[in-house]
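Hi,

Here is the structure I promised to pass on. Have a look, and then read my notes below.

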Amino acid sequence: MQDKYTAVWVSHSSIGDFLKCPRAYFLHNMFKNERGKKINLVNPHLSLGIAVHETLEGLLKYKAEDRLLKPLIETFEENWKLVSGKAGGFKTPEEEAQSKERARLMIERVAKNPGPLIKKAIKLAEHANNMPPNFYLSDEHNIILSGKIDWLEYIPADDSVRVIDFKTGKNDEQADSLQLPIYALLLNALQKRKVSGAAYWYIDRNDKPTPVQLPELGIAKERVLAAAVRVKEAREKGELKCPRGEKGCFACTPFEKIIKGEAELVKTDTTRNTELYLA
């Protein structure tokens, strides 16, 4: 029976948390402190990604022919202010300057090679209360899958769409990543057009997106549902401990520092009822 209030919500990031460390999953996705706030970490890598993604994804607010009327670098500078200093996880001005320069070069690359960003695009509608696009992955297990797609290029030749994911990291997405299976399921459930392609855009080094193959829907659902059921069963059994025991691991230790009062509160995200910490 569908009940969004009791359903287990999963996403690419939350499943990723669980697969790295169930304890990290609990602290990041379930735990609330004595003030009733969720907790999260800030770090330079994440802040760089936020500033770049906000700059590029923000173009969807405009018609294709108007998207570059304002220089991208100006929008980037505005977005960077939101992650500057300790609020972005930067411990020194030098650390921030290095990250900002790397991000700036990405934006300049896209400005010179906008490619699909100046073509028609489609945006999946967000749900009530600013929730990301979501649907019932399994009625039987009462699991909802949610996710945000960076860019959906519209292909007028055959009335289809191509999904593009912006990558700001230095490494390629792993072959066993659940990101593409999740994209395939979201697109199948939340829009009616044929999906004619997918691509990762490694914008720190490539001038255009790199085509990748979306998995067959049946295989995609099998893989994602298997991981989601593991998450749900662990929650129900209370089996959310770190595999390395009390000494912790790279994924959960920074969150444990927050619990122990060893991290600095740098910002409160009121829209997500979350306190952000520098550990």
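Here is what came out of it, starting with the overall picture and moving on to two helix pairs.

It's a predicted model, so local features need pLDDT of at least 70 and side-chain atom pairs count only at pLDDT 80 or more, while totals for chains, interfaces and linings use all residues. Numbering runs from 1 along each chain as its sequence is written, and side-chain values use heavy atoms, with hydrogens and water left out.

The chain has eight helices and eleven strands (DSSP runs numbered from the N terminus: H or I of at least four residues, E of at least two). Its C-alpha atoms fill a box of roughly 55 × 50 × 35 Å along the principal axes. Buried residues (under 20% relative accessible area, 1.4 Å probe, protein chains only) come to 44% of the 279.

Now the helices. H4 (residues 72-81) packs on H5 (residues 93-112) at about 150°, axes 10 Å apart (axes are lines fitted to C-alpha atoms over the stretch in contact, and angles run from 0 to 180 degrees between N-to-C directions). The two are therefore roughly antiparallel (over 145 degrees). In contact terms (heavy atoms within 4.5 Å), Leu72, Ile73, Phe76, Glu77 and Trp80 of H4 meet residues of H5 including Ala103, Ile107 and Val110.

H1 (residues 12-20) and H2 (residues 22-29) pack at about 140°, with axes 5 Å apart. That makes H1 oblique to H2 (the class for angles outside under 35, 65 to 115 and over 145 degrees). Here Ser14, Asp17 and Phe18 in H1 meet Pro22, Tyr25, His28 and Asn29 in H2.

Cheers

Notes
Buried means under 20% relative accessible area, exposed over 50%, partly exposed in between (1.4 Å probe, protein chains only).
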